[in-house]
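Let's take a walk through this one together. Have the viewer open and follow along from chain to chain.

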Amino acid sequence: MHAKYVDIAGRAYDLTPLSSEERKLLSRLKRLANRVESAEYRNRSLQEIATFYEGRGLSRREIVKKPLHKIAQDFGARKQVERGEARAPDYRDQLEELIRTRFPTRRAFCEATGLSEDMLSHVLSRRKHLSVDRLSEALGRIGYSLRISPLSKAS
Amino acid sequence: MRKKDVRVECWFLIPVRRDDQLSDGELHSTDAWIWLDNEQFARFEGGTLAPGIYAGFYRDPDTGKRVDDSSRKFIVALPQHRVRELRVLLQDACSVFQQKCIYLSVGGKVEFVALR
């Protein structure tokens, strides 16, 4: 396993802090993802991860933030894409997540970024795209930037 | 069994595609499914994703047209007083999955949870 894992959306996770037990669990889950269908992988991986971390005193909210959990979910996500059950996320999915997690409403996001609500609605509904310049400017107003990241195969 | 130990079986259907009136009718992103898994996992003690796809149809109240869809089925057993939390989660899910409403069965009684 490499020292860095890049998920399907280009998010990188440093593997060096993982314990040997975590690495073993991750390898096991990767094999499982290749062997079983999506629902079974989802159910069994959550069960194994819960058992592993709850046994070490972590809460569920803490567990979902762990890199191991995120990487394990990425194993499943890649299989979903391969099997045509879901699509890889793009910048519009990231925008949606940003709005949902950092702003009380879409309107608040629009006021902060200078984007019109009408334009945002079209973009999130996949009817229109934002230009790179317009998106960069809007994100810059709220302390974010565009980034080019490498695509990676599950490593 | 003590009354407080009794749980209600709840299940809900998430269509595999975004609503084509609200959105583009495309498959959901993997991030959307991950969001739902994390919310269920963190909020509730257990839960199961049923294997396979559930095909069905309904009449869209806005257009009057028949709509065929395919969904994934999630099952969770909850104490009665926590069913409201599931409804709140599904209201958010309407937004994340771009659905007008989500089919929810609570102890055999069906309701449709709509966008807030």
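**A tour of the two chains**

Start just past helix α7 of chain A: the helix is followed by A:R126, whose phi is positive, near 70 degrees. Keep in mind as you look around that this is a predicted model.

Now step back into α7 itself, which covers residues 117–124 of chain A. Which of its residues are buried? They are A:L120, A:H122, A:V123 and A:L124. These buried residues of α7(A) pack against α5 and α6 of chain A, with α6 running over residues 106–113.

Zoom out and you can place that corner in the whole of chain A, which has 8 helices and 2 strands. Reading along the sequence, you meet them in the pattern β-β-α-α-α-α-α-α-α-α. The C-alpha trace of chain A spans about 50 × 35 × 25 Å along its principal axes. Of the 155 residues in chain A, 43% are buried. Take the contacts in chain A between residues at least 6 apart in sequence, and 54% of them join residues at least 24 apart.

One buried residue you might want to click on is A:K79, a lysine in helix α4 of chain A. Its relative accessible area is 15%, and buried means under 20%, so A:K79 counts as buried. Setting aside neighbours within four places in sequence, A:K79 is in contact with A:A33 and A:N34.

Next, turn to where the chains meet. Here 33 residues of chain A are in contact with 31 residues of chain B. The area buried between the two chains is about 2,600 Å², and carbon and sulfur atoms give 47% of that. Which residues of chain A lose the most area to chain B? A:R42, A:R60 and A:R87 do, and together they account for 25% of what that side buries.

As for specific contacts across the interface of chain A and chain B, there are 4 salt bridges. A salt bridge also joins the side chains of B:R72 and A:E85, at 3.6 Å from N to O. Between chain A and chain B, 12 residue pairs are in polar contact. On the side of chain A that touches chain B, α2 (38–54), α3 (60–63), α4 (67–82) and α5 (91–102) each supply at least two residues. Helix α2(A) gives the most, with 6 residues. Sort that side of chain A by class and you get 12 nonpolar, 7 polar and 14 charged residues.

Cross over to chain B and stop at B:Q40, in helix α1 of chain B. How accessible is B:Q40? Its relative accessibility is 3%, so B:Q40 counts as buried. Beyond its neighbours within four places in sequence, B:Q40 is in contact with A:R42, B:F12, B:F74 and B:L89.

That brings us to the aromatics, with 9 aromatic pairs over all chains. Take B:W33 and B:F74: their ring centres are 6.3 Å apart and their planes sit at 25 degrees, so the pair is stacked. The pair links distant parts of the chain, with B:W33 in helix α1 (residues 30–43) and B:F74 in strand β4 (residues 66–78), 41 residues apart. Both B:W33 and B:F74 are buried. To finish, pick out B:F12, B:W33, B:W35, B:F74 and B:F97, which form one aromatic cluster.

Terms used
Residues are numbered from 1 along each chain as its sequence is written. Chains are lettered from A and ligands numbered from 1 in the order in which they are written. This is a predicted model: local features need pLDDT of at least 70, side-chain atom pairs count only at pLDDT 80 or more; totals for chains, interfaces and linings use all residues. Side-chain values use heavy atoms; hydrogens and water are left out. Contact means heavy atoms within 4.5 Å. Buried area is the accessible area (1.4 Å probe) that two parts lose on being put together, summed over both. A polar contact is a pair of N or O atoms within 3.5 Å; within protein, one must be able to donate a hydrogen and the other to accept it, and residues adjacent in sequence count only if both atoms are side-chain atoms. Helices (H or I, at least four residues) and strands (E, at least two) are DSSP runs, numbered from the N terminus. Ala, Val, Leu, Ile, Met, Phe, Trp, Tyr, Cys and Pro count as nonpolar, Asp, Glu, Lys and Arg as charged, and the others, Gly among them, as polar. Buried means under 20% relative accessible area, exposed over 50%, partly exposed in between (1.4 Å probe, protein chains only). Rings of Phe, Tyr and Trp (its six-membered ring) pair if their centres lie within 6.5 Å; planes under 30 degrees apart count as stacked, over 60 as edge-to-face and the rest as tilted.
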